[in-house]
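Q: Could you walk me through this model, beginning with the ligand site and then moving on to the sheets?
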Amino acid sequence: MSSLESTMMQADLRSDTITKPDAAIVEAMAMAQVGDDCYGDDPSVYALESYCAELFGKEAALFTCSGTMSNQIALRAHTKPGDEIIVDHTYHINFFESAACSNLAHVVLNTIHSKDGVLDVADIQAAYDSKPRAPIYSQARLVCLENTIAYHGGKVFPVKNMERIGKFAREMGLKVHLDGARLMNACDAAGEPPTAWAKHADTVSLCFAKGLGAPFGSILAGDSESIARARAYRKWYGGALHQSGYMAAAALASLQRNVVRLADDHENARLLNTLLKNSQNTVPVYDEVDTNIVLFDVAPTGLCAKKFSTVMETFGVRLFPWLGTQVRAITHQNVSAEQVEWAAHKIMEVANNLAYEHAKSYNLKLAA
Ligand SMILES: *Cc1c(COP(=O)(O)O)cnc(C)c1O
(Lines give C-alpha, C1' and ligand atoms only; values in the text may rest on other atoms or scores of the structure.)
Protein backbone atom coordinates (compact mmCIF):
# COMPACT_ATOMS: atom_id res chain seq x y z
CA MET A 1 0.00 0.00 0.00
CA SER A 2 1.43 3.43 -0.92
CA SER A 3 1.69 6.11 1.75
CA LEU A 4 -0.97 8.12 -0.08
CA GLU A 5 -3.41 5.22 0.16
CA SER A 6 -2.59 4.62 3.80
CA THR A 7 -3.24 8.25 4.69
CA MET A 8 -6.60 8.02 2.95
CA MET A 9 -7.67 4.90 4.84
CA GLN A 10 -10.54 5.54 7.26
CA ALA A 11 -12.95 3.50 9.33
CA ASP A 12 -16.15 4.80 10.90
CA LEU A 13 -16.94 2.35 13.69
CA ARG A 14 -19.17 4.65 15.76
CA SER A 15 -22.33 2.66 15.06
CA ASP A 16 -24.16 0.48 12.55
CA THR A 17 -26.71 3.32 12.30
CA ILE A 18 -24.26 5.20 10.04
CA THR A 19 -24.80 2.66 7.22
CA LYS A 20 -25.95 4.24 3.97
CA PRO A 21 -28.55 2.58 1.73
CA ASP A 22 -26.94 0.52 -1.07
CA ALA A 23 -28.04 0.59 -4.71
CA ALA A 24 -30.61 -2.20 -4.26
CA ILE A 25 -32.31 -0.34 -1.42
CA VAL A 26 -32.34 2.94 -3.32
CA GLU A 27 -33.89 1.08 -6.25
CA ALA A 28 -36.54 -0.50 -4.01
CA MET A 29 -37.45 3.01 -2.85
CA ALA A 30 -37.59 4.37 -6.38
CA MET A 31 -39.86 1.53 -7.53
CA ALA A 32 -42.18 1.59 -4.49
CA GLN A 33 -45.95 1.85 -4.92
CA VAL A 34 -47.22 4.33 -2.35
CA GLY A 35 -50.41 5.84 -0.99
CA ASP A 36 -51.54 7.66 2.14
CA ASP A 37 -50.86 5.26 4.99
CA CYS A 38 -53.09 7.29 7.33
CA TYR A 39 -55.98 6.10 5.11
CA GLY A 40 -54.56 2.56 4.98
CA ASP A 41 -53.75 3.16 1.31
CA ASP A 42 -50.03 2.43 1.16
CA PRO A 43 -49.36 -1.02 -0.36
CA SER A 44 -45.64 -0.92 0.52
CA VAL A 45 -46.35 -0.26 4.21
CA TYR A 46 -48.96 -3.02 4.14
CA ALA A 47 -46.45 -5.41 2.55
CA LEU A 48 -43.80 -4.65 5.17
CA GLU A 49 -46.20 -4.97 8.11
CA SER A 50 -47.61 -8.28 6.80
CA TYR A 51 -44.13 -9.65 6.14
CA CYS A 52 -42.94 -8.72 9.64
CA ALA A 53 -46.05 -10.08 11.39
CA GLU A 54 -45.30 -13.42 9.75
CA LEU A 55 -41.55 -13.21 10.38
CA PHE A 56 -42.20 -12.78 14.12
CA GLY A 57 -45.18 -15.17 14.27
CA LYS A 58 -47.49 -12.37 15.45
CA GLU A 59 -51.00 -11.29 14.43
CA ALA A 60 -50.04 -7.76 13.45
CA ALA A 61 -47.19 -5.29 13.01
CA LEU A 62 -46.77 -1.52 12.87
CA PHE A 63 -44.12 0.46 10.97
CA THR A 64 -42.65 3.19 13.19
CA CYS A 65 -40.12 5.98 12.74
CA SER A 66 -37.41 4.62 15.05
CA GLY A 67 -36.47 1.97 17.58
CA THR A 68 -37.13 4.44 20.35
CA MET A 69 -40.62 5.09 19.00
CA SER A 70 -41.37 1.33 18.83
CA ASN A 71 -40.27 0.90 22.44
CA GLN A 72 -42.11 3.94 23.73
CA ILE A 73 -45.33 3.02 21.95
CA ALA A 74 -45.07 -0.55 23.29
CA LEU A 75 -44.64 0.70 26.87
CA ARG A 76 -47.64 2.97 26.45
CA ALA A 77 -49.76 0.21 24.93
CA HIS A 78 -49.03 -2.20 27.81
CA THR A 79 -49.27 0.15 30.81
CA LYS A 80 -51.10 3.00 32.54
CA PRO A 81 -49.38 6.03 34.08
CA GLY A 82 -47.81 5.07 37.43
CA ASP A 83 -47.31 1.42 36.43
CA GLU A 84 -43.94 -0.17 36.78
CA ILE A 85 -41.78 -1.91 34.21
CA ILE A 86 -39.01 -4.33 35.14
CA VAL A 87 -35.87 -3.86 33.05
CA ASP A 88 -32.12 -4.33 33.34
CA HIS A 89 -30.40 -0.99 34.03
CA THR A 90 -28.15 -1.51 31.00
CA TYR A 91 -30.98 -1.90 28.48
CA HIS A 92 -31.64 0.91 25.99
CA ILE A 93 -35.08 1.50 27.56
CA ASN A 94 -33.39 2.62 30.78
CA PHE A 95 -29.91 3.64 29.61
CA PHE A 96 -31.04 5.97 26.78
CA GLU A 97 -34.81 6.22 27.12
CA SER A 98 -35.51 6.86 30.81
CA ALA A 99 -36.54 10.48 30.11
CA ALA A 100 -38.93 9.29 27.40
CA CYS A 101 -40.35 6.57 29.69
CA SER A 102 -40.98 9.15 32.37
CA ASN A 103 -42.47 11.78 30.08
CA LEU A 104 -44.48 9.68 27.58
CA ALA A 105 -45.80 6.50 29.22
CA HIS A 106 -45.29 7.97 32.74
CA VAL A 107 -44.01 4.63 33.99
CA VAL A 108 -41.64 3.78 36.81
CA LEU A 109 -38.50 1.81 35.93
CA ASN A 110 -37.64 -0.96 38.36
CA THR A 111 -34.05 -1.66 37.29
CA ILE A 112 -32.14 -4.90 37.74
CA HIS A 113 -28.37 -4.64 38.18
CA SER A 114 -27.29 -7.91 36.60
CA LYS A 115 -23.72 -8.85 35.69
CA ASP A 116 -24.20 -9.00 31.92
CA GLY A 117 -27.83 -8.21 31.06
CA VAL A 118 -28.68 -11.90 30.70
CA LEU A 119 -31.69 -12.10 33.01
CA ASP A 120 -33.43 -15.15 34.37
CA VAL A 121 -36.61 -15.78 36.39
CA ALA A 122 -34.86 -15.16 39.73
CA ASP A 123 -33.93 -11.60 38.60
CA ILE A 124 -37.51 -10.79 37.61
CA GLN A 125 -38.86 -12.36 40.81
CA ALA A 126 -36.40 -10.37 42.97
CA ALA A 127 -37.32 -7.10 41.23
CA TYR A 128 -41.01 -7.88 41.65
CA ASP A 129 -40.54 -8.73 45.34
CA SER A 130 -38.47 -5.60 46.04
CA LYS A 131 -41.60 -3.52 46.70
CA PRO A 132 -44.98 -3.96 48.38
CA ARG A 133 -47.64 -4.89 45.82
CA ALA A 134 -50.85 -3.81 47.55
CA PRO A 135 -53.23 -2.09 45.08
CA ILE A 136 -52.46 1.35 46.53
CA TYR A 137 -48.84 1.10 45.26
CA SER A 138 -47.24 1.04 41.83
CA GLN A 139 -48.15 -2.14 39.94
CA ALA A 140 -45.61 -4.11 37.94
CA ARG A 141 -47.09 -4.67 34.48
CA LEU A 142 -44.34 -5.32 32.01
CA VAL A 143 -40.96 -7.00 31.71
CA CYS A 144 -38.63 -5.54 29.05
CA LEU A 145 -35.83 -7.65 27.59
CA GLU A 146 -33.21 -6.80 24.95
CA ASN A 147 -31.62 -8.84 22.16
CA THR A 148 -28.85 -8.40 21.30
CA ILE A 149 -27.76 -6.72 24.54
CA ALA A 150 -26.09 -3.59 23.19
CA TYR A 151 -24.42 -2.41 26.42
CA HIS A 152 -22.78 -5.81 26.91
CA GLY A 153 -20.97 -6.06 23.61
CA GLY A 154 -23.93 -7.25 21.53
CA LYS A 155 -24.40 -10.42 23.56
CA VAL A 156 -27.18 -12.75 22.41
CA PHE A 157 -30.01 -13.10 24.92
CA PRO A 158 -30.32 -16.90 25.40
CA VAL A 159 -33.54 -18.47 24.06
CA LYS A 160 -33.80 -20.69 27.18
CA ASN A 161 -33.85 -17.68 29.53
CA MET A 162 -36.42 -15.97 27.33
CA GLU A 163 -38.61 -19.06 27.44
CA ARG A 164 -38.42 -19.32 31.24
CA ILE A 165 -39.08 -15.59 31.71
CA GLY A 166 -42.01 -15.66 29.27
CA LYS A 167 -43.64 -18.51 31.18
CA PHE A 168 -43.03 -16.86 34.54
CA ALA A 169 -44.41 -13.52 33.31
CA ARG A 170 -47.63 -15.16 32.10
CA GLU A 171 -48.09 -16.83 35.49
CA MET A 172 -47.55 -13.47 37.21
CA GLY A 173 -49.91 -11.57 34.88
CA LEU A 174 -47.00 -9.53 33.46
CA LYS A 175 -46.58 -8.66 29.78
CA VAL A 176 -43.23 -9.01 28.01
CA HIS A 177 -41.78 -6.57 25.46
CA LEU A 178 -38.62 -7.57 23.59
CA ASP A 179 -36.47 -4.68 22.36
CA GLY A 180 -35.04 -6.56 19.40
CA ALA A 181 -33.31 -3.60 17.73
CA ARG A 182 -30.58 -6.05 16.58
CA LEU A 183 -32.64 -9.25 16.71
CA MET A 184 -31.54 -10.35 13.23
CA ASN A 185 -27.91 -10.20 14.44
CA ALA A 186 -28.91 -12.56 17.27
CA CYS A 187 -30.60 -14.88 14.75
CA ASP A 188 -27.40 -15.13 12.73
CA ALA A 189 -25.20 -15.70 15.78
CA ALA A 190 -27.48 -18.27 17.44
CA GLY A 191 -28.73 -19.93 14.26
CA GLU A 192 -32.34 -19.43 15.40
CA PRO A 193 -35.31 -17.80 13.65
CA PRO A 194 -36.78 -14.59 15.17
CA THR A 195 -39.79 -16.57 16.43
CA ALA A 196 -37.50 -18.47 18.85
CA TRP A 197 -37.50 -15.33 21.00
CA ALA A 198 -40.63 -13.56 19.75
CA LYS A 199 -42.98 -16.38 20.78
CA HIS A 200 -42.15 -15.68 24.43
CA ALA A 201 -42.92 -11.95 24.15
CA ASP A 202 -46.19 -10.05 23.72
CA THR A 203 -44.53 -7.43 21.55
CA VAL A 204 -41.20 -7.32 19.74
CA SER A 205 -39.39 -4.51 17.91
CA LEU A 206 -36.64 -4.53 15.26
CA CYS A 207 -34.60 -1.67 13.74
CA PHE A 208 -34.07 -1.43 9.98
CA ALA A 209 -31.64 1.50 10.14
CA LYS A 210 -28.82 -0.37 11.93
CA GLY A 211 -26.93 -3.34 10.47
CA LEU A 212 -29.70 -4.03 7.95
CA GLY A 213 -28.76 -0.81 6.19
CA ALA A 214 -32.14 0.85 5.57
CA PRO A 215 -32.26 4.64 6.00
CA PHE A 216 -35.21 4.72 8.37
CA GLY A 217 -37.59 2.94 10.65
CA SER A 218 -38.44 0.11 12.95
CA ILE A 219 -41.26 -2.40 13.32
CA LEU A 220 -43.36 -3.29 16.35
CA ALA A 221 -45.11 -6.69 16.15
CA GLY A 222 -47.62 -8.28 18.52
CA ASP A 223 -51.21 -9.36 19.04
CA SER A 224 -53.89 -7.41 17.14
CA GLU A 225 -55.21 -5.68 20.25
CA SER A 226 -51.81 -4.37 21.39
CA ILE A 227 -50.95 -3.24 17.86
CA ALA A 228 -54.31 -1.44 17.50
CA ARG A 229 -53.50 0.51 20.69
CA ALA A 230 -49.96 1.07 19.43
CA ARG A 231 -51.37 2.49 16.17
CA ALA A 232 -53.29 5.12 18.14
CA TYR A 233 -50.22 6.10 20.18
CA ARG A 234 -48.12 6.31 17.02
CA LYS A 235 -50.62 8.90 15.79
CA TRP A 236 -50.54 10.76 19.12
CA TYR A 237 -46.74 10.88 19.00
CA GLY A 238 -46.82 12.33 15.48
CA GLY A 239 -45.41 9.17 13.93
CA ALA A 240 -48.29 8.35 11.56
CA LEU A 241 -46.91 9.15 8.12
CA HIS A 242 -48.43 9.58 4.68
CA GLN A 243 -46.44 8.18 1.71
CA SER A 244 -44.20 6.18 4.07
CA GLY A 245 -44.16 3.35 1.51
CA TYR A 246 -40.84 4.63 0.16
CA MET A 247 -39.32 4.00 3.59
CA ALA A 248 -41.24 0.74 4.07
CA ALA A 249 -39.96 -0.57 0.71
CA ALA A 250 -36.40 0.22 1.81
CA ALA A 251 -37.02 -1.56 5.13
CA LEU A 252 -38.44 -4.65 3.41
CA ALA A 253 -35.54 -4.78 0.95
CA SER A 254 -33.09 -4.48 3.86
CA LEU A 255 -34.74 -7.46 5.59
CA GLN A 256 -34.89 -9.58 2.47
CA ARG A 257 -31.39 -8.83 1.23
CA ASN A 258 -29.12 -7.88 4.11
CA VAL A 259 -29.74 -10.41 6.86
CA VAL A 260 -27.36 -12.87 5.18
CA ARG A 261 -24.48 -10.42 5.24
CA LEU A 262 -24.67 -9.74 9.01
CA ALA A 263 -22.35 -12.76 9.36
CA ASP A 264 -19.58 -10.66 7.74
CA ASP A 265 -20.02 -7.96 10.38
CA HIS A 266 -19.78 -10.58 13.11
CA GLU A 267 -16.60 -11.99 11.61
CA ASN A 268 -15.11 -8.50 11.40
CA ALA A 269 -16.02 -7.79 15.04
CA ARG A 270 -14.34 -11.04 16.11
CA LEU A 271 -11.26 -10.03 14.09
CA LEU A 272 -11.15 -6.62 15.79
CA ASN A 273 -11.60 -8.11 19.26
CA THR A 274 -8.84 -10.66 18.64
CA LEU A 275 -6.40 -8.09 17.22
CA LEU A 276 -6.94 -5.66 20.12
CA LYS A 277 -5.77 -8.38 22.53
CA ASN A 278 -2.27 -7.90 21.06
CA SER A 279 -1.82 -4.73 23.09
CA GLN A 280 -2.16 -4.48 26.86
CA ASN A 281 -3.32 -0.89 26.31
CA THR A 282 -6.52 -1.84 24.45
CA VAL A 283 -8.17 -4.49 26.59
CA PRO A 284 -11.36 -6.09 25.20
CA VAL A 285 -14.09 -6.09 27.85
CA TYR A 286 -15.39 -9.44 26.60
CA ASP A 287 -13.16 -12.32 25.63
CA GLU A 288 -15.57 -13.43 22.90
CA VAL A 289 -17.82 -11.37 20.64
CA ASP A 290 -21.26 -12.81 19.75
CA THR A 291 -22.28 -10.26 17.09
CA ASN A 292 -21.07 -6.87 15.81
CA ILE A 293 -20.17 -4.84 18.92
CA VAL A 294 -16.65 -4.61 20.40
CA LEU A 295 -15.97 -2.89 23.73
CA PHE A 296 -12.42 -2.24 24.86
CA ASP A 297 -10.76 -0.45 27.75
CA VAL A 298 -8.08 2.19 27.22
CA ALA A 299 -7.32 2.97 30.90
CA PRO A 300 -3.53 2.41 30.47
CA THR A 301 -3.41 5.35 28.00
CA GLY A 302 -4.35 7.74 30.82
CA LEU A 303 -7.21 9.09 28.68
CA CYS A 304 -10.94 8.71 29.18
CA ALA A 305 -12.95 7.10 26.36
CA LYS A 306 -14.11 10.50 25.11
CA LYS A 307 -10.59 11.95 24.80
CA PHE A 308 -9.23 8.73 23.32
CA SER A 309 -12.00 8.75 20.68
CA THR A 310 -11.23 12.39 19.83
CA VAL A 311 -7.55 11.52 19.32
CA MET A 312 -8.44 8.50 17.15
CA GLU A 313 -10.63 10.65 14.96
CA THR A 314 -7.59 12.66 13.90
CA PHE A 315 -6.11 9.38 12.61
CA GLY A 316 -9.25 8.51 10.64
CA VAL A 317 -10.73 5.98 13.05
CA ARG A 318 -14.09 6.99 14.46
CA LEU A 319 -15.19 5.29 17.68
CA PHE A 320 -17.98 5.80 20.19
CA PRO A 321 -16.95 6.68 23.75
CA TRP A 322 -18.92 4.41 26.06
CA LEU A 323 -18.56 4.91 29.81
CA GLY A 324 -15.36 5.86 31.69
CA THR A 325 -12.42 4.38 29.83
CA GLN A 326 -14.47 1.96 27.70
CA VAL A 327 -14.64 2.59 23.96
CA ARG A 328 -17.15 0.97 21.61
CA ALA A 329 -16.64 -0.09 17.98
CA ILE A 330 -19.43 -1.50 15.83
CA THR A 331 -18.84 -3.27 12.52
CA HIS A 332 -21.26 -2.85 9.60
CA GLN A 333 -21.60 -3.06 5.82
CA ASN A 334 -19.63 0.13 5.16
CA VAL A 335 -16.40 -1.15 6.77
CA SER A 336 -14.47 -4.01 5.17
CA ALA A 337 -12.26 -6.60 6.85
CA GLU A 338 -9.27 -4.68 5.48
CA GLN A 339 -10.45 -1.43 7.10
CA VAL A 340 -11.12 -3.20 10.38
CA GLU A 341 -7.64 -4.71 10.39
CA TRP A 342 -6.09 -1.34 9.59
CA ALA A 343 -8.19 0.34 12.31
CA ALA A 344 -7.15 -2.26 14.91
CA HIS A 345 -3.48 -1.60 14.21
CA LYS A 346 -3.98 2.16 14.24
CA ILE A 347 -5.87 1.99 17.56
CA MET A 348 -3.10 -0.13 19.14
CA GLU A 349 -0.31 2.06 17.77
CA VAL A 350 -1.91 5.23 19.16
CA ALA A 351 -2.82 3.56 22.48
CA ASN A 352 0.75 2.25 22.87
CA ASN A 353 2.22 5.71 22.25
CA LEU A 354 -0.21 7.34 24.66
CA ALA A 355 0.43 4.71 27.34
CA TYR A 356 4.19 5.16 26.95
CA GLU A 357 3.90 8.96 27.38
CA HIS A 358 1.52 8.48 30.29
CA ALA A 359 3.88 6.09 32.07
CA LYS A 360 6.84 8.39 31.39
CA SER A 361 5.14 11.46 32.90
CA TYR A 362 4.01 9.36 35.84
CA ASN A 363 7.59 8.18 36.45
CA LEU A 364 8.91 11.76 36.15
CA LYS A 365 6.36 12.83 38.75
CA LEU A 366 7.49 10.02 41.05
CA ALA A 367 11.14 10.99 40.59
CA ALA A 368 10.49 14.69 41.32
C1 LIG B 1 -30.59 1.64 18.59
C2 LIG B 1 -31.42 0.99 19.64
C3 LIG B 1 -32.69 1.49 19.95
C4 LIG B 1 -33.24 2.78 19.37
O5 LIG B 1 -33.25 2.89 18.03
P6 LIG B 1 -33.35 4.34 17.30
O7 LIG B 1 -33.85 3.98 15.96
O8 LIG B 1 -31.97 4.89 17.31
O9 LIG B 1 -34.31 5.16 18.09
C10 LIG B 1 -33.41 0.80 20.88
N11 LIG B 1 -32.93 -0.29 21.49
C12 LIG B 1 -31.70 -0.79 21.22
C13 LIG B 1 -31.22 -2.01 21.94
C14 LIG B 1 -30.90 -0.16 20.30
O15 LIG B 1 -29.68 -0.63 20.05
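The chat below goes through the ligand site, two sheets and two backbone details.

Q: What should I know before reading any values?
A: This is a predicted model, in which local features need pLDDT of at least 70 and side-chain atom pairs count only at pLDDT 80 or more, while totals for chains, interfaces and linings use all residues. Residues are numbered from 1 along each chain as its sequence is written, and side-chain values use heavy atoms, with hydrogens and water left out.

Q: Which residues are around the ligand?
A: They are S66, G67, T68, N71, H92, E97, E146, D179, A181, R182, C207 and K210, where a residue is counted if one of its heavy atoms lies within 4 Å of the molecule.

Q: And by class, what is in that shell?
A: The shell has two nonpolar, five polar and five charged residues; here Ala, Val, Leu, Ile, Met, Phe, Trp, Tyr, Cys and Pro count as nonpolar, Asp, Glu, Lys and Arg as charged, and the others, Gly among them, as polar.

Q: Which helix gives the most to the shell?
A: Helix α4, residues 67–78, does so with three residues; helices (H or I, at least four residues) and strands (E, at least two) are DSSP runs, numbered from the N terminus.

Q: What polar contacts does the ligand have?
A: Taking a polar contact as a pair of N or O atoms within 3.5 Å, a side-chain N or O atom of T68 is 2.6 Å from a ligand oxygen, a backbone N or O atom of G67 lies 2.8 Å from an oxygen of the ligand, and a polar side-chain atom of R182 is 3.1 Å from a ligand oxygen. The ligand taken alone exposes 380 Å², of which the protein buries 81%, with accessible areas from the Shrake-Rupley method and a 1.4 Å probe.

Q: Switching to the sheets, what is the strand order in the one with seven strands?
A: That open sheet runs β2-β8-β7-β6-β5-β3-β4 with mixed pairing, two strands being paired if DSSP finds at least two bridges between them. Strands β2 (60–64) and β4 (108–112) each have a single partner strand, so one side of each is left without a neighbour in the sheet. The twist averages 20° from one strand to the next, with axes fitted as lines to C-alpha atoms, for helices over the stretch in contact, and angles running from 0 to 180 degrees between N-to-C directions.

Q: How many bridges link β7 and β8?
A: Five bridges join β7 (203–207) to β8 (218–222) in the antiparallel sense, and L206 has I219 in β8 as its bridge partner. Helix α11 (224–236) packs on this sheet, touching β2, β7 and β8 (contact means heavy atoms within 4.5 Å), and its direction makes about 20° with that of β2.

Q: What about the sheet with four strands?
A: It is open and antiparallel, in the order β9-β10-β13-β12. Two bridges join β9 to β10 (293–297), and P284 stands opposite F296 in β10.

Q: Which peptide bond is cis?
A: The bond from N147 to T148 is cis, with omega near 0°, and T148 sits in the loop between β5 (140–146) and α8 (159–172).

Note on methods:
Polar contact = N/O pair within 3.5 Å; in protein donor to acceptor, adjacent residues only side chain to side chain.
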